[in-house]
Amino acid sequence: MKTAVIGLLQSGKSTLVSAISGREVPPMGTTVIEEAVVPVPDERLDWLTEKYSSKKTVHAAIDCLDVPGFNFADEYGRAAARRYIQQLRTAELLVLVIRAFGDPSIPPYGGSVDPERDLEDLKTELLLADLELVTTRIDNLQKQLKKPTKTQSKDKAELELQLKLQAAIEAEKPISSVVETEAQRELVKSLGFLTLRPWVIAVNIGEEQIGENIDIGLSDADRTPVVQICAKIEQELAQLDEESRTEFMADLSITESGTKKFVTSCYVALGLISFLTTGPDESRAWPIKNGTKALDAAGKIHSDIKRGFIRAETMAYSELKELGDEKALKAAGKIRLEGKEYIVQDGDIIDFRFNV
Ligand SMILES: Nc1nc2c(ncn2[C@@H]2O[C@H](COP(=O)(O)OP(=O)(O)O)[C@@H](O)[C@H]2O)c(=O)[nH]1
Ligand SMILES: [Mg+2]
């Protein structure tokens, strides 16, 4: 479950990744892609840990790539950006960090702070990277179709689709606007198109902009999630203990943790939900794609549990919290015995019964 954090030079990507992962900010000007593990905040786990006196608490996690900043101002920068972009093709989610903070000690990209322009520049570059891929693919398919291969009909269908993708990009529309069916997705999956991925836009605001609504020029029709976050403050908050953090947040009139909101948006954009397991050993959140069946959820824990699956004893976290304990849930008939085909819901607490 890889997420790539990208953006123009000095937009605050590394600061943001540090805020959400807790690791140190790497030195400025680094030219390597750094990896960080980002725990997904989940207060349900804290509650369960306390309730069941669990020795360990294990959060769901997202792998995050901190990609060096793009600089499209010259040929050298463009070439470097293109190399980085090639390495993003395996990422399942792109986070676009856009600078809105105005700190004059950090010279802004392009000579001025302009979130709308920066977002346009980034989008254009991602579209161009996909266009290059589409064009090459079309060439190859056309050559291939001249030969009597076994894959003729599939290649024809793909060529037709690729030509549509090309037209979309030329009209500055993302590939996701054309790919509608699962079959189409399957046809182009291996190419790793960047504009087919879900995106989250992180608008990096300054401390003085907290509470303001920054316009980044998106239309209402654009459904890309946008989160405003002050990366620098969040990074500082992440270094504090619980008590000082609460105090500092109150001082700044921040009511909700920005990192929590941001990481949750990424989790949702990745199409993930969590099922939970709990007990004296550990309370744990397991990330699964929304729509996963109980049998496959069992396989996330261990292949043996999947192989010997009998049933999933399931309770909803919200009901457990409301009624207080398992006994009360049982009395209310709210502990369910679910089979292999059951579609697991976010917040299900599951005890898998299995036999090997
Ligand atoms: N004032 C202010 N400075 C920030 C903010 N976010 C990042 N910076 C500063 O901007 C500079 C570049 O940040 P960095 O995270 O390294 O940017 P990157 O090149 O996108 O990884 C650093 O000096 C950060 O301290 C912010 O929200 N406010
Ligand atoms: Mg950086």
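The paragraphs below go through a central strand, a ligand shell, and a few backbone oddities in a predicted model. Residues are numbered from 1 along each chain as its sequence is written, while chains are lettered from A and ligands numbered from 1 in the order in which they are written. Since the model is predicted, local features need pLDDT of at least 70 and side-chain atom pairs count only at pLDDT 80 or more, whereas totals for chains, interfaces and linings use all residues.

Strand E5 covers residues 93-99, and 7 of its 7 residues are buried. Here a residue counts as buried if 20 or more other C-beta atoms lie within 10 Å of its own, exposed if 12 or fewer, and partly exposed in between, with C-beta atoms placed from the backbone. Helices (H or I, at least four residues) and strands (E, at least two) are DSSP runs, numbered from the N terminus. In a regular strand the side chains alternate between the two faces of the sheet. In E5, Leu-93, Val-95, Val-97 and Arg-99 sit on one side and Leu-94, Leu-96 and Ile-98 on the other, and all are buried.

E5 has partners too, where pairing takes at least two DSSP bridges between two strands. Strand E1 (residues 2-7) runs parallel to E5 and is joined to it by 5 bridges, with Val-5 bridged to Val-95. Strand E6 (residues 199-204) is also parallel to E5, this time through 6 bridges, and Ile-98 is matched with Val-203.

Turning to ligand 1, 18 residues surround it, and Gly-12, Lys-13, Ser-14, Thr-15 and Asp-103 come nearest. Helix H1 (13-21) and helix H7 (231-238) are the elements giving two or more residues to this shell, and the largest share, 3 residues, comes from H1. A residue is near a molecule if its C-beta atom, placed from the backbone, lies within 6 Å of it. By type, the shell holds 6 nonpolar, 9 polar and 3 charged residues. Nonpolar means Ala, Val, Leu, Ile, Met, Phe, Trp, Tyr, Cys and Pro, charged means Asp, Glu, Lys and Arg, and the others, Gly among them, are polar.

Now for the backbone. Most residues other than glycine have a negative phi. Gln-10, in the loop between E1 and H1, has a positive phi near 55 degrees; this residue is partly exposed, with 18 other C-beta atoms within 10 Å. Ser-53 has phi near 45 degrees and lies in the loop between helix H2 (43-51) and strand E3 (56-58). With 9 other C-beta atoms within 10 Å, Ser-53 is exposed. Finally, helix H8 (residues 242-251) has 0 buried residues among its 10, and Ser-253, which follows H8, has a positive phi near 50 degrees.
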